[in-house]
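Open the model in your viewer and keep the sequence panel beside it. The tour below proposes one selection after another and says what is to be found at each stop.

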Amino acid sequence: MKRLWFPLTILALLTALALGNAALVDGYTKVWVSGAEQAEDAALAEDWDTAQEKLESVYRHWDQRQTFLHIVETHDALNETENSLQRAMACAQLRDKEGFLCEVRTLRSQFRLLAEMEQVNIFQQHRIHFCRSSCRKKQ
């Protein structure tokens with residue numbers, strides 16, 4: 001029985017860390033999604049200054065957590081999210097309502113995907129996620 005204590009302690013510790021990580025990322029993404037929703041509401045009301053402020057606030061919060069996120073998330077997912085955030089901020093600056101709404105909705109999906117990727121599920125099956133938005137303008 002003594003031989004099992006150490007491996008069980010390590011297993012319990014790793015499980016606690018995985019659950020804590022999932023909860024932490026979920027909390028972050030809720031803040032980001034909320035900010036993106038507030039920016040979207042402001043843009044719908046044609047209040048572009050508020051929309052920009054909300055997105056800049058999301059970006060500051062996002063940027064402060066980059067070191068942690070690069071440890072626990074895949075870099076491709078982070079890069080996609082960063083690109084969506086940058087495009088949404090550019091559309092807000094240009095006051096391009098259609099482009100902004102499309103990008104901010106894509107951004108919210110990306111944030112939710114980050115949280116989903118960290119969820120602990122013992123019985124998880126492999127799934128394909130379609131995160132690409134079809135609403136981007138053709139150039």
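Begin by selecting H2 and colouring its side chains by accessibility: Trp48, Ala51, Gln52, Leu55, Val58, His61 and Trp62 are buried, where buried means under 20% relative accessible area, exposed means over 50% and partly exposed lies in between, with a 1.4 Å probe and protein chains only. Helices here are DSSP runs of H or I with at least four residues and strands are runs of E with at least two, numbered from the N terminus. An α-helix has 3.6 residues a turn, so residues three or four places apart point the same way.

Before going on, note that this is a predicted model, in which local features need pLDDT of at least 70 and side-chain atom pairs count only at pLDDT 80 or more, while totals for chains, interfaces and linings use all residues. Residues are numbered from 1 along each chain as its sequence is written, and side-chain values use heavy atoms, with hydrogens and water left out.

**The whole chain**

Zoom out to the full protein chain, which holds five helices and zero strands. Of its 139 residues, 35% count as buried. Among contacts with a separation of 6 or more, residues 24 or more positions apart account for 74%, a contact being heavy atoms within 4.5 Å.

**Back to H2 and its surroundings**

With H2 selected again, take the distance between its first and last C-alpha: its 17 residues reach 24 Å, close to the 24 Å expected at 1.5 Å a residue, the expected span being 1.5 Å times one less than the number of residues. Then expand the selection to whatever touches the buried residues of H2, and H1, H3, H4 and H5 appear as the elements they pack against.

**H1 against H2**

Add H1 (2-44) to the view. The axes of H1 and H2 come within 7 Å and cross at roughly 165°; axes are lines fitted to C-alpha atoms, for helices over the stretch in contact, and angles run from 0 to 180 degrees between N-to-C directions. H1 and H2 are therefore roughly antiparallel to each other, since angles over 145 degrees count as roughly antiparallel, under 35 as roughly parallel, 65 to 115 as roughly perpendicular and the rest as oblique. To display this contact, show Tyr28, Val31, Trp32, Gly35, Ala36, Gln38, Ala39, Ala42 and Ala43 of H1 together with Trp48, Thr50, Ala51, Lys54, Leu55, Val58, His61 and Trp62 of H2. By class, the residues of this contact divide into twelve nonpolar, four polar and one charged, with Ala, Val, Leu, Ile, Met, Phe, Trp, Tyr, Cys and Pro counted as nonpolar, Asp, Glu, Lys and Arg as charged, and the others, Gly among them, as polar.

**H5 against H2**

Now hide H1 and show H5 (97-117). H2 and H5 pack at an angle of about 25°, with their axes 13 Å apart, and H2 and H5 are therefore roughly parallel to each other. Trp48, Ala51, Leu55, Val58 and Trp62 of H2 make this contact with Lys97, Phe100, Leu107, Phe111 and Leu114 of H5. The class count for the contact of H2 with H5 is nine nonpolar, no polar and one charged.

**H4**

Next select H4 (residues 75-94), whose 20 residues reach 28 Å from first C-alpha to last, close to the 28 Å expected at 1.5 Å a residue. The buried residues of H4 include Leu78, Leu85, Met89 and Cys91, and the cover over the buried residues of H4 includes H2, H3 and H5. Asparagine 83 is also in H4, yet this residue is partly exposed, with a relative accessible area of 37%. The C-alpha atom of asparagine 83 is separated by 9.7 Å from that of glutamate 103, which is 20 residues apart along the chain.

**Two loop residues and one in H1**

Most residues other than glycine have a negative phi, and most peptide bonds are trans. Select glutamate 46, in the loop between H1 and H2, and a positive phi of about 60° is found there. Arginine 95, in the loop between H4 and H5, likewise has a positive phi near 60°. Glutamate 46 counts as partly exposed at 46% relative accessibility, and arginine 95 is partly exposed at 45%.

Where does the tour end? Select asparagine 21, which lies in H1 and counts as buried at 15% relative accessibility. Leaving aside its neighbours within four places in sequence, asparagine 21 is in contact with Phe68, Val72 and Glu118.
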